[in-house]
Amino acid sequence: AASWLPLLLFSMNSIRASSSASSIAFWTVVSAALIGLMICSGRPEIWVPGFVCVFVFCLGLIREEKTKELRLGKIIAYLRAAMLGVLLSMPSLLPTLEWAPLSRRSEGLDPAEILMFSSSWYDLLSLFVSQSLGDLQLRFSELRCLVQANNLVPYFSSSFISIFASMLALLGMQRRGGFFFYLTIAGTFCF
């Protein structure tokens with residue numbers, strides 16, 4: 001889910017940079033496809049904060065437009081992308097909406113059961129450094145209790161490295177000291 005975020009931010013920025021109607025339409029469709037892929041990955045705990053990042057990013061892009069007409073045109077393009085992306089993801093959203101009332105989660109779960117598959121401090125550290133303390137999450141590791149005692153299915157933390165590398169690449173493409181530079185830094189640390 002998170003790996004689509006850098007491309008989505010790039011495509012939203014491309015909408016702002018486009019001047020012709022055909023270019024805006026092309027990047028709107030690309031953005032919609034990326035939104036659909038992000039939602040279809042099935043991890044709302046990841047794509048919902050990703051959506052918040054995209055929303056804040058788009059607000060910054062809209063703020064940079066010089067005239068009201070340009071601002072309105074870009075807002076419409078962003079809304080189209082969001083609506084089309086949600087519609088593209090309906091084959092995975094609709095069964096989830098049907099299943100949710102039947103799930104035990106709708107009645108409330110024991111907190112220990114909820115947190116069983118949550119990410120731990122080690123998962124967050126592994127966003128930046130690949131398996132920084134070795135394989136602490138292996139099933140028979142003596143130090144596993146330091147990471148998360150109840151974690152039955154550990155995350156493969158080093159797979160998150162590409163997300164962080166993508167965000168660093170986004171930082172590298174931007175002018176230092178500009179609005180988007182600081183926005184990308186803040187988004188990287190928050191996300």
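**Close-up 1. Helix α1 against helix α3.** In this predicted model, the residues L5, L8, L9, M12, N13 and R16 of α1 meet G50, V54, F57, C58, L61 and E64 of α3. Sorted by character, the residues of this contact of α1 with α3 comprise 8 that are nonpolar, 2 that are polar and 2 that are charged. The axes of α1 and of helix α3, which covers residues 44–64, lie 10 Å apart and make an angle of about 20°, and α1 and α3 are therefore roughly parallel to each other. The crossing that α1 and α3 make is right-handed.

**Close-up 2. Helix α1 against helix α4.** Helix α4, which covers residues 68–88, packs with α1 at an angle of about 150°, and the two axes are 10 Å apart. This angle makes α1 roughly antiparallel to α4, and the crossing of α1 and α4 is right-handed. On the side of α1 the contact is made by M12, I15 and R16, and on the side of α4 by K74, A77, Y78 and A81. The residues of the contact of α1 with α4 fall into 5 nonpolar and 2 charged, with no polar residue.

**Close-up 3. A cluster of aromatic rings formed by F10, F26 and W27**. Across the whole structure, the search finds 3 aromatic pairs. In one of them, F10 and W27 are arranged edge-to-face, with 5.7 Å from centre to centre and 80° between the planes. Because F10 belongs to helix α1 (residues 5–17) and W27 to helix α2 (residues 21–40), this pair ties together parts that are 17 residues apart in sequence. The rings of F26 and W27 also form an edge-to-face pair, because their planes stand at 75°, over the 60 degrees that this class requires, and the centres of these rings are 5.1 Å apart. As for its surroundings, F10 has a relative accessibility of 41% and so counts as partly exposed.

**Close-up 4. S89 in the loop between α4 and α5**. The residue S89 is found in the loop that joins α4 to α5, the latter covering residues 90–99. With a relative accessible area of 0%, S89 is buried, since buried means a value under 20%. When residues up to four places away in sequence are not counted, S89 touches G36, I39 and C40.

Technical notes: Residues are numbered from 1 along each chain as its sequence is written. This is a predicted model: local features need pLDDT of at least 70, side-chain atom pairs count only at pLDDT 80 or more; totals for chains, interfaces and linings use all residues. Side-chain values use heavy atoms; hydrogens and water are left out. Rings of Phe, Tyr and Trp (its six-membered ring) pair if their centres lie within 6.5 Å; planes under 30 degrees apart count as stacked, over 60 as edge-to-face and the rest as tilted. Helices (H or I, at least four residues) and strands (E, at least two) are DSSP runs, numbered from the N terminus. Buried means under 20% relative accessible area, exposed over 50%, partly exposed in between (1.4 Å probe, protein chains only). Axes are lines fitted to C-alpha atoms, for helices over the stretch in contact, and angles run from 0 to 180 degrees between N-to-C directions. Angles under 35 degrees count as roughly parallel, over 145 as roughly antiparallel, 65 to 115 as roughly perpendicular and the rest as oblique. A crossing is left-handed if the near helix is turned anticlockwise from the far one by less than a right angle, and right-handed if clockwise. Contact means heavy atoms within 4.5 Å. Ala, Val, Leu, Ile, Met, Phe, Trp, Tyr, Cys and Pro count as nonpolar, Asp, Glu, Lys and Arg as charged, and the others, Gly among them, as polar.
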